[in-house]
Structures are given as C-alpha cells and as structure tokens.
Amino acid sequence: MLFEVWAPAAGRVTVHAGGGAFAMAPSPGRAGWWHAEAPAGHGTRYGFALDDGPVRPDPRSRRQPDGPDGLSAVVDFTRFGDGPAWTGRSLAGAVLYELHIGTFTREGTFDAAAARLPHLAELGVTHVELMPVCPFPGTHGWGYEGVSLWAVHEPYGGPAGLRRFVDAAHALGLGVVLDVVHNHLGPSGNHLPSFGPYFTDTHRTPWGAAVNLDAPGSDEVRAYLTGSALAWLRDHRIDGLRLDAVHALHDTRPKHFLAELSGAVDALAARLGRPLFLIAESDLNDPATTLPRAAGGLGLHAQWNDDFHHALHTALTGESQGYYADFAADPAHALAKTLRGGFFHDGTYSSFRGRPHGRPLDPRVTPAYRLLGYAQTHDQIGNRALGDRLSGRLSPGLLACAAALVLCAPFTPMLFMGEEWGARTPWQFFTDHTDPELAEAVRTGRRREFAAHGWAAEDVPDPQDPATRDRSCLDWTEPERAPHTELLAWHRRLIALRRAEPALTDPRWEYGALAAESRTVHFARGPLHIAVNLAGQPAELRLGRPAAGARVVAAWRPVSAPDEDGVLRLPPECAAVLRAA
C-alpha cells in the first residue's frame, strides 16, 4: 500500500505500519511530500515519525480507533458498499434539522440516532444537519474542538457507523449535512504543527494562531482542507457541509479559500451527478458570501441568518442584553425588516459592535432560500449559562407562533433537535477533556464568562461533569404526552403545508402584505396569509378585503375566517395560516 505525507521541514520520515518501520523517500515533483510502500490493508494501524521523533497519527487519517493521540487506521471504503440508490436533495425547498449525535439519544451513537430517523421522515424534514463528528478527546463533547479533519469520532461509531447512518437516512429520503470546522483545531490531540505550517501568526483568532490560508506553505493547507471537504461528500456520501464561523478564515490571497472550495464542490457535484452544497456560518452579513463566483462572490450556497433569529427571539422573549439590544429596541420592526430583506444590520449601526455593520442583500440576485431561518440552534441554546431552550421560558402557544414564523417564512427553515415537540431537556455546554489542566481551564473559563453577567459560579453547570451531558440528552418519552404531542402535530402540519404549497417555497422576496405591529405579525405569500398573535390577549389583524372569507388551513387554536372587511380575530398566543378565496 502507498503511504504519503506532507512534512516539508523533515530530514527523515518513517512510516510505522503493521508492526514494521519503513523509510520514506521524497516524492518527485511534490515539494515537501514523502512516500513509501508498506504492507497494509483495511484496519492496519500506522503512523509517521519525523526525524526519529515519536510516531504521530496521519494528518489525513480516516480513522483514529484509539482517539486523537493514537495510531491511525487504514480504511477501505469499498467495504461499506454502495448504499441505497440516491440522487440527492437540493437545498431549494429544504427543511433542515440540526442534531448532535452524542445527545440525540442517550446511547450517543450513529446507530442509535439512525434508529430514530423514521421520526424525522414522518416529521417531514428533508435534511439532517449533523454537528461535527471529527475525533476529539474523551467520549462526549460538542465536537467543535475536533482534530484529524478527515476522520470520524470513534465513540460515535467511526467511519463505518457514519456510513450506516448516511445510508439509513438516504433510504428514508433524507439528505445529510455535516458541520465541519476549518477555522481552528482543538487544543488537545492536534499534531498538525509537527508536520508543517498548518497555522500562522500572521492572523489571530479567538483560538490563537490562524489556520494558514495565505502565508508560506498555504497551498498545501488549502489543499488539505479542500480534500477533507470533498472526502466527506464523496466517500461518506454526505449531501452538504455547514462551514463553522467562516469569518475566522483569514485569507488575503487574490482568490479566497471559500471561493476555491465552492468551485471544487460544484465540480464534484457535476461528476457525481447529484446536488452538493455549502452553508456558511458567518457574522459578517455580507451578501458576497452567497453571491456566485462569476459575479465576484464566494459562491457558497447558503448562510445562517442570525439576524432573523435575534429579531424573532426578542419578539418572543423580550430579552435585550448583548447583541439583542438593537433588535429589542423595536422587535416588530426588526422582524419585518428581516422578513423583507434578510439582514437587519445591512449597514446600520450596531451598538454591540460599536460601528456600522453588514451590507444589504440584492433580492434580484439572492433568492430567499440562500438564508437559513430558525428560532433555536445549538449556539443560541448551548451558549446560554444554563443551556435553556425556549420551551423553558415560553408557553406552548408562543412556541407554536415561533414555528409558524420559521416554517412559513421565505428562508430555508431549520429546527434544532427536539424543538418539534417543545423538548424541556436543556442543551448545555459539556466537554470530556482528558488533560486535567485543560479541563480545569475550561471549567474556570466558563464560570468566569458568566460571572461577568451576574451568574454565581455554582449555578453554571460544570462542563466536565458527566451529568451535564446526560441532562442534555433528549427525552424520547416526551412526545407521547401533552403539550408535546400537540406541538409535534403542529410542526408536522406546517411542514406538510410547506411541502404542498408552492407559495411557501417561492424563493422570491415578494409579499402580498407584510405588517408587524407590537405583538402581531401578518404576511401574505401567494394566496396564503400567515397571521401570528404573540400577545397574551386576543388580537384583531386587518388582513384586508381580499382576505375576506379566507379559509383557515392550519391554526394552533380554533380560529374563525376573517369577516367581510378582512379582519381576523386571533386568540392569545396563536398562529394561523389561511388561504384566500
């Protein structure tokens, strides 16, 4: 078997495979690369020693059976079979469902999660978005401190388990999106600096030195990240990638890494004959993120829209701290603005940042489905001190209103696991660092962070306590009892409507009406009117004479049709969808 590794500063490289040691030779025409033939096959453990140093795992390892610091293992993907026939699912018209393998079930494995996929198929979502699955220290964690960017966390089930999960999803008609982290690696188990200049001090990030995208040696680093992305899509049959915090990918080269990556993904999609896509997490509010490369953009296919979340969150909860302040000043205006044009901060002043922020979207070139809309995500729940969901603070009625706004808006909607039934389990920040000093640093840092906001240290869950992870696991008995059963039925009804009504997936930023006043929201898309009352008392919404006699097609509580003047009377904390005659 041919082994290869990039180690540009090494004078000698040895591959240790299957109990033997084999000297590697410089690869002709490939500066910094080394190669050697050694007897090996599926499952063979191996690693590389540089200049007679310790044996380290392969940077391009496909499996780390003993964790990030152990030897790598050869993976023969042909052993996994071809899987079910699958032609892919496009992002346009999609409904995404974000889940974390380690807490979606108490078992915390791919196989256990796959057994729950029929629930998601019945719910009606189109894609499952997995949080990161690269190896990280210990058993349980969020996954954002992963290392070995080509490998799969072994406690979840390793690469074979991931392929079984993907095959099971495809067999049910569900696409699979994977969250990948290119902006940093975890502090424990990261062996890349021993091999080459994967990081640079030219730029700094919240995690320290930046990933090297533009300093000397960056060609190979870019190829490493692009190769990893393509491997997930090709070898694991993943349908799309969510790119974590792309604003932390510092790149001053003429062609940005993300444009290079999107071009490579589009080319792979053409070769495979199925749609593939990239979804960015970005706090820049920059339309260029999803603008086509031919028009000077980065060519990514969609991006998360936190502005819609913030507007909706402040309207629902009244919270106004931190980055919510600008939205909380007038939640109705903020919600209407994001529904109409995507970004709230489109060049406006951001008090949280102390400067103007963002740029306006051009609705003529950016279809609405290129923005993801949501009421809850892993970040917006887990980065709270107690990891409390909206269900811990809001009534079932307000949760139903949130669902109507998310699932009937023009964006690509996304739910966070358990949201569909109003799960009461928290989703807290948890880690499983095996380094005692790092574990204590994370514990102390977390408590110090929230002490600045008035939290007592003893009230902030200990990330290293196994009970913190256990509390975060979904309780699958909840959907069998009230009010969870009713909320689940409501989500199923709204998703079915979205699938059946072309107006709800129309990518144009066009409304027959759009009004948000204090505690009510009304907008019309094609023949459908979406009306929401967030207030604790009944409300009258003037839908207009064209809506007189409109038929109620979905409502959280019994609602009568509008009167002859187009006035709709909504009960407290209620949402309804109506079809005009």
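Asp52 is exposed, because its relative accessibility is 61% and the cut-off for exposed residues is over 50%. In this predicted model, Asp52 is placed in the loop between strand 6 (45-50) and strand 7 (55-56). The backbone of Asp52 has a phi near 65 degrees, a positive value in a residue other than glycine.

A positive phi is also found at Arg237, where the angle is near 65 degrees and the residue is again other than glycine. Arg237 belongs to the loop between helix 6 and strand 14 (240-243). With a relative accessible area of 14%, Arg237 counts as buried, since buried means under 20%. Asp52 is thus exposed, whereas Arg237 is buried.

The helix that precedes this loop, helix 6, covers residues 218-235 and contains Arg222. The relative accessibility of Arg222 is 1%, so this residue counts as buried. Two polar contacts of the Arg222 side chain can be described. In one of them, the side chain reaches the backbone oxygen of Leu213 at 2.8 Å. In the other, the side chains of Arg222 and Glu260 make a polar contact at 3.2 Å. Arg222 and Glu260 are 38 residues apart in sequence, and their C-alpha atoms are 8.8 Å apart in space. When residues up to four places away in sequence are not counted, Arg222 touches Leu213, Asp251, Arg253, Lys255, His256, Phe257 and Glu260. Both partners in the polar contacts, Leu213 and Glu260, are therefore also in the list of residues that Arg222 touches.

A second buried site is centred on Ser472. This residue lies in the loop between helix 14 (466-471) and helix 15 (484-500). Its relative accessibility is 0%, and Ser472 therefore counts as buried. A polar atom of the Ser472 side chain lies 2.9 Å from the backbone nitrogen of Gln428. Apart from neighbours within four places in sequence, Ser472 is in contact with Thr103, Pro426, Trp427, Gln428 and Phe430. The loop between helix 14 and helix 15 also holds Pro483. The peptide bond that leads from Ala482 to Pro483 is cis, and its omega is near -5 degrees.

For the protein as a whole, 15 helices and 27 strands are found. The C-alpha trace spans about 85 × 55 × 50 Å along its principal axes. The radius of gyration is 25 Å, which agrees with the value near 25 Å expected for a compact globule of 581 residues. Of these 581 residues, 59% are buried; Arg222, Arg237 and Ser472 are among the buried residues.

Contacts in the protein often join residues that are distant in sequence. Among contacts between residues at least 6 apart in sequence, 70% join residues at least 24 apart. The polar contact between Arg222 and Glu260 links residues that are 38 apart in sequence.

The protein exposes about 21700 Å², and carbon and sulfur atoms supply 52% of this area. The protein carries 54 positive and 65 negative charges, and the mean positions of the two sets are 5 Å apart.

Key
Residues are numbered from 1 along each chain as its sequence is written. This is a predicted model: local features need pLDDT of at least 70, side-chain atom pairs count only at pLDDT 80 or more; totals for chains, interfaces and linings use all residues. Side-chain values use heavy atoms; hydrogens and water are left out. Helices (H or I, at least four residues) and strands (E, at least two) are DSSP runs, numbered from the N terminus. The radius of gyration is taken over C-alpha atoms; the globule rule is 2.2 Å times the number of residues to the power 0.38. Buried means under 20% relative accessible area, exposed over 50%, partly exposed in between (1.4 Å probe, protein chains only). Contact means heavy atoms within 4.5 Å. Accessible areas come from the Shrake-Rupley method with a 1.4 Å probe; for residues, only the protein chains shown count as cover. Lys and Arg count as positive and Asp and Glu as negative; His and the chain ends are not counted. The place of a charge is taken as NZ of Lys, CZ of Arg, CG of Asp or CD of Glu. A polar contact is a pair of N or O atoms within 3.5 Å; within protein, one must be able to donate a hydrogen and the other to accept it, and residues adjacent in sequence count only if both atoms are side-chain atoms.
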